[in-house]
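Me: I've got a structure here and a few labels I don't get. Can you take me through them?

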Amino acid sequence: MLVVAADVSLVRDCPTILSLKSLLMSLSSVSLANHIASLRRNIITHYIDFIVMQAVHLTEETTNDPSGIVQQSFRISSTPTQDENISGRLANLTTVLDFLSKHLLPALPSTETAFFKRSLCKPLTTALLEHFLIPHLPSSLQALPTFIDLAHLAASIEDRYIIGMLGQDTRDREVKNWVDNVATHFERKRRVELLEAA
């Protein structure tokens with residue numbers, strides 16, 4: 001579960017409340033770099049790759065603890081894959097990215113923000129392509145229209161988040177380029193399966 005206490009942190013055994021931004025700025029450059037690297041790995045593993053690779057139910061909650069601190073949290077639980085609408089995986093991904101944009105990115109020290117954002121671009125592109133679109137590329141003509149809608153949704157996520165939020169170069173649109181050539185990918189996969197069947 002990813003928990004962010006609405007950009008604030010309660011000091012243990014003390015009534016003092018500090019902002020997340022001030023906590024991060026108080027760290028030495030080495031400690032900050034280590035914490036951010038660890039945070040990046042955890043986000044990629046547990047909140048990007050994990051969500052696009054399997055069926056999960058994602059719940060975002062806002063609670064107030066006894067001290068009055070507002071706490072934002074995610075709860076992730078596995079759900080059955082049968083009859084799953086896999087577009088829900090992309091919806092969950094956008095929820096996570098919106099959460100990070102609202103609660104984490106503004107709290108990062110300005111010296112780290114640009115690098116942290118850029119460091120998420122490639123893993124997010126990889127998740128959309130290699131962990132989501134390519135494994136779900138159909139080989140039957142009947143399933144292709146639904147998949148094309150899904151592919152365009154993934155391309156819109158690239159445009160809104162990878163380029164818009166994280167700042168990747170607008171000329172580097174790997175997901176859109178793949179989606180634009182989905183007919184070629186479909187025909188190639190279909191030929192391979194027909195050859196294997198023969």
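Reply: Sure, one definition before we start: axes are lines fitted to C-alpha atoms, for helices over the stretch in contact, and angles run from 0 to 180 degrees between N-to-C directions. This is a predicted model, where local features need pLDDT of at least 70, side-chain atom pairs count only at pLDDT 80 or more, and totals for chains, interfaces and linings use all residues. Residues are numbered from 1 along each chain as its sequence is written, and side-chain values use heavy atoms, leaving out hydrogens and water.

Me: What makes helix 3 roughly antiparallel to helix 4?

Reply: Their axes come within 12 Å and cross at roughly 175°. Angles over 145 degrees count as roughly antiparallel (under 35 is roughly parallel, 65 to 115 roughly perpendicular, the rest oblique), so helix 3 gets that label against helix 4.

Me: And why is helix 2 called roughly antiparallel to helix 3?

Reply: Helix 2 and helix 3 pack at about 155°, with axes 8 Å apart. That angle is also over 145 degrees, so the label is roughly antiparallel.

Me: Why is the pair of Phe147 and Trp178 called edge-to-face?

Reply: Rings of Phe, Tyr and Trp (its six-membered ring) pair if their centres lie within 6.5 Å; planes under 30 degrees apart are stacked, over 60 edge-to-face, the rest tilted. Here the centres are 6.2 Å apart and the planes sit at 75°, so it's edge-to-face.

Me: How do you know that Phe147 is buried?

Reply: Buried means under 20% relative accessible area (exposed is over 50%, partly exposed in between; 1.4 Å probe, protein chains only). Phe147 has 4%, so it counts as buried, and Trp178, at 12%, counts as buried too.

Key. Helix = DSSP H or I, 4+ residues; strand = E, 2+ residues; numbered from the N terminus.
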